Amino acid sequence: MAVSFPSTEYFEALRDRMAAEQEKFRRLGFIDTTFGVRVGHNGKTRNFVLEFEVFELKGVREVDAIDPQKVDFTIEGDAGVWREMIENIHRNGEADSSHDINTLAHFGEQLKVVYDSPDGHDKLYRFMESIQRFFDLSSKLDVRFN
Amino acid sequence: MAYLATRNFLEDKDFVDKWLYTMRTGELDLSWMDAKTEKIKPHEANPRRGLTYRDLDLGSYGFTGVPEKVRGNRSYAPRGAELPEGLPDAQPWVSRKSEVWAFNTESYYEEAVSRQWNVTTDIPWERLDGVEMPETIGKALSQLMTFLTEVEMIATDTPALWLPRINPEFVEVKAFIASQAMDEARHTEAFRKRALTTGWGLMKASPMNEMALKHLRDADSFSEMSVALHLVAEGNVLTLFRFSEYLSPTDVDKRIFRLVMQDEARHVGYGMQHFKYVLENFPEKREVVHAHLDEAENISFAGAAATELTESFIILAGGGLKKENIEEGIKVTTRFNLKQMEEHFERLEKCGMPERKERSKLYQMFEMGKAAAEAAGIKLS
């Protein structure tokens, strides 16, 4: 069944895939970070907070606004950029070299990483491979775009 | 032979007789069974995670109770053990907690252990089969890898050098520093293997780079080493790894840089937490660290501008050696250089040293570079 993006169902579907591929994520190691995802569309935004603990996504919730004090960092971007990334992952089985998170966010031109504390910001890079593989699980979902 | 035992046991009749007597009679001493130590029952706070060092933060075994100045134990006796007479003085250089401690040290170590990886098997080397790169790109990539191999070798030596100097009471710090040395050894391996798989072999060593690296190795105290290594150097290298991932010509290079950046970011995290701890608990160190930063920033500025690094970045970022490639490469590399400096000052400010900007000549360079970049029409993020 298709899940829509952006939605909590999309992240929950990734969470379920992550649990199903537990061995792979255990091999990558502990992931302890809470971060935000902000998707802009037609001047409005939808905001999600993802809380990772030990080896899994412990919780995801949609919020009106992301409190920068309560997350390590937020990845934000227009719906079109997120869509292109997810479709690229779906086509290739994983993000290709132009569509991985670090490349899209590096100079803040496509995705942007915003943060209150540099320590929180650095957590994106501390857990980069796990976060990338988490989003790469989109290749196993049927995603429709709102 | 640097160390001689205080007795020649092999020729000590009493010692040898006792050894033989025990064998012959089975008469045991057993006094160790009455060790005057605390009996506790640690349990896992989170069974998914397992039994962590934090779960052992209990009573005399815990790290919370370690005093600022450790005077009671200068041996290799584990924290919490009974200390009998006759333990040798291991002569640790660092017995002051605020010289080495960081908030969450134990968690950084647990994370390091759980996130280890293997260059030989975790990198999809087979995907390089048939990959053809233009000569200039291949050589630039190999030069970058050569440069990074030099960096990682000294990044292995430097923390390892401090291991025997740290009082064993700080077992969690020693464990973290040991894990860092392993991380850096793995990075050396990754970059060496990647340089050799470009087909161009290693390129040229960098005198400017090595001068900067030597400064890291030769710090006077652990805190000075940490601020120069974990914050200045590794902070810069973390930004450099992110940039290198961004520029990577193959998905194999992307994977390498994503994995090395994880380790590097963890070291920076420890460095930030340690520096905060120093500033809060050892305020006299502030001026010492400022003075050390003066030189660390001077040298890191020079190291980051090393020809062997800058020119390979310009070629990788611009895609070649044509005029338009070089113009584009300079724009992108300038943005990276400025981002590196900006993030350095962000970290220092967050650690509790906001005044650094006023004193730092590197900050003046950052402002000057930013103005020059804007005047040249280079868009900064």
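Here is a quick tour of the two-chain model, from the overall build of chain B down to a few odd backbone spots. The model is predicted. Chain B is helical, with 14 helices and zero strands, and 23 residues of chain A are in contact with 29 residues of chain B.

**Chain B at a glance**

- Along the sequence, chain B reads α-α-α-α-α-α-α-α-α-α-α-α-α-α.
- Its C-alpha atoms fill a box of roughly 85 × 50 × 45 Å along the principal axes.
- Of the 381 residues in chain B, 40% are buried.
- Take the contacts in chain B between residues at least 6 apart in sequence, and 76% of them turn out to join residues at least 24 apart.

**Where chain A touches chain B**

- On the chain A side, 23 residues are in contact with chain B, and they meet 29 residues there.
- Three helices of chain A each supply at least two residues to that side: H4 (101-105), H5 (118-126) and H6 (128-136).
- H5(A) gives the most, with five residues.
- By class, the chain A side splits into nine nonpolar, eight polar and six charged residues.

**The core and helix H8 of chain B**

- Nonpolar side chains tend to be buried together in soluble globular proteins.
- Here the largest nonpolar core has 119 residues, and those with the most contacts inside it are B:Leu216, B:Val227, B:Ala228, B:Met261 and B:Leu316.
- H8(B) brings the largest share of this core, at 15 residues.
- H8 (residues 222-247) and H10 (residues 285-304) of chain B cross at roughly 35°, and their axes come within 9 Å; the crossing is right-handed.
- On the H8(B) side of that contact you'll find B:Ser223, B:Glu224, B:Val227, B:Ala228, B:Val232, B:Ala233 and B:Asn236. Their partners in H10(B) include B:Val288, B:Val289, B:His292, B:Leu293 and B:Ala296.
- Sorted by class, the contact of H8(B) with H10(B) has nine nonpolar, four polar and three charged residues.
- B:Val227 is worth a click: leaving aside neighbours within four places in sequence, B:Val227 is in contact with B:Val232, B:Phe275, B:Val289, B:His292, B:Leu293 and B:Ala296.

**Helices H12 and H14 of chain B**

- H12 (residues 323-351) and H14(B) pack at an angle of about 145°, with their axes 10 Å apart, and this crossing is left-handed.
- H12(B) contributes B:Thr334, B:Asn337, B:Leu338, B:Met341, B:Glu342 and B:Phe345, while H14(B) contributes B:Leu362, B:Tyr363, B:Phe366, B:Gly369, B:Lys370 and B:Ala373.
- That makes seven nonpolar, three polar and two charged residues in the contact.
- H14 (residues 361-375) has 15 residues and reaches 21 Å from its first C-alpha to its last, close to the 21 Å expected at 1.5 Å a residue.
- Just after H14(B), B:Gly377 takes a positive phi of about 80°.

**Around B:Gly138 and the end of H6**

- B:Gly138 sits in helix H5 (residues 135-162) of chain B.
- B:Gly138 counts as partly exposed because 16 other C-beta atoms lie within 10 Å.
- The C-alpha atoms of B:Gly138 and B:Thr198 are separated by 6.0 Å, although the two residues are 60 apart along the chain.
- Beyond its neighbours within four places in sequence, B:Gly138 is in contact with B:Met133, B:Thr198, B:Gly199 and B:Trp200.
- One of those partners, B:Gly199, comes just after H6(B) and has a positive phi of about 95°.
- H6 (residues 171-197) of chain B has 27 residues, so at 1.5 Å a residue the helix should span 39 Å; the end C-alpha atoms are 39 Å apart, which agrees.

**Backbone spots to check**

- Most residues other than glycine have a negative phi, and most peptide bonds are trans.
- A cis peptide bond joins A:Phe5 and A:Pro6, with omega about -5°. A:Pro6 is in the loop between strand E1 (3-5) and helix H1 (8-20) of chain A.
- B:Gln91 isn't a glycine, yet its phi is positive, near 50°. B:Gln91 lies in the loop between helices H1 (13-25) and H2 (97-100) of chain B, and is exposed, with 11 other C-beta atoms within 10 Å.
- B:Asn104, not a glycine either, has a positive phi of about 65°. B:Asn104 is in the loop between H2 and helix H3 (105-114) of chain B, and is partly exposed, with 14 other C-beta atoms within 10 Å.

Methods
Residues numbered from 1 in each chain as written. Chains lettered and ligands numbered in written order. Predicted model: local features only at pLDDT ≥ 70, side-chain atom pairs only at ≥ 80, totals over all residues. Contact = placed C-beta atoms within 7 Å. Helix = DSSP H or I, 4+ residues; strand = E, 2+ residues; numbered from the N terminus. Nonpolar A, V, L, I, M, F, W, Y, C, P; charged D, E, K, R; others polar. Buried ≥ 20, exposed ≤ 12 C-beta atoms within 10 Å, placed from the backbone. Axes fitted to C-alpha atoms, helices over the stretch in contact; angles between N-to-C directions. Left-handed = near helix turned anticlockwise from the far one by under 90°. Core = buried A, V, L, I, M, F, W, Y, C linked by C-beta atoms within 7 Å. Expected span 1.5 Å × (residues − 1).
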